[in-house]
Amino acid sequence: MPILNKDMTLCISLSARPSNNGTRFHNHLYDQLDLNWIYKAFAPTDLAQAIAGVRGLGIRGCAVSMPYKEDVMALVDELDPSAKAIDSVNTIVNTDGHLKAYNTDYTAIEQLLKTNAVPTDYSVLVQGAGGMAKATVAALRDAGFSDVTVIARNETTGRALADQYGFRWRAALDGGTADVIINVTPIGMAAGPDVDSLSFPEEAIAAATVVFDVVALPAETPLIKAARAAGKKVITGAEVATIQALEQFVLYTGVRPTDEQVRAAEAFMRAQ
């Protein structure tokens, strides 16, 4: 890590419960590539003031996590199609005070569905209706999945999300099962109130073929642990975090690291 200096470029992340994942990943790549950059995570007390600070202080990049992915849209100057299409932002790039917003979560979900060869004729349950759920449901639709149900207690947001992509909505799981179950809620997240809770019941895990949890910290959430124990194919939030962070890194710096450099940064991130 270089010594702090006036010429250093700063990137940040904004989250209600920041983790060290992005901080370790980005800073490790800066070090490998000998870039005079630094990355720092924040938990803002005022989102509008935080974004004004990004603009006013010349902060180059800003990652956006729960629960700010939708609220931040009104605070930027331009929406890239990746964010506009799903009304959700996870990345802001500052170019001379002009803030352009993107969504690399969508890219990560899309890539993981493809690399894990998840059949598009599988039935899918998606639990959640926030910004990450939008990216997930959009990626499912664009990948060719048609049998998808959004599970969300809030009928307004849940039904709207399902209707937008031609899927179904249910308020609760109520014993439902599917070939693929995807958690896009904070259940199981480190430092959260439900850190030890299962986001899906054991019967849903037993009936599933693929279990996907977007929660990145811890990498082994209660859902992922239970799915591994049941012998299911799993896709983890840590994998999502690596891909979306890599695409953020490229947007911020204009540099695409080698696969070897990305693997080294990912190993460093997970070694915390």
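Helices (H or I, at least four residues) and strands (E, at least two) are taken as DSSP runs, numbered from the N terminus. The model is predicted, and local features therefore need pLDDT of at least 70, side-chain atom pairs counting only at pLDDT 80 or more, while totals for chains, interfaces and linings use all residues. Residues are numbered from 1 along each chain as its sequence is written, and side-chain values use heavy atoms, with hydrogens and water left out.

Arg 153 lies in the loop between strand S8 (148-151) and helix H6 (155-164). With a relative accessibility of 81%, Arg 153 counts as exposed (over 50% relative accessible area, with buried meaning under 20% and partly exposed in between; 1.4 Å probe, protein chains only). The C-alpha atom of Arg 153 is separated by 4.5 Å from that of Ala 171, although the two residues are 18 apart along the chain.

Two aromatic pairs are found in a search of the whole structure (ring centres of Phe, Tyr and Trp, the last by its six-membered ring, within 6.5 Å). One is formed by Tyr 30 and Trp 37, at 5.7 Å centre to centre and with 45° between the planes, and is tilted, a class that holds the angles left over when those under 30 degrees count as stacked and those over 60 as edge-to-face. Both partners count as buried, Tyr 30 at 1% relative accessibility and Trp 37 at 12%. Tyr 30 and Trp 37 also belong, with Phe 249, to one aromatic cluster.
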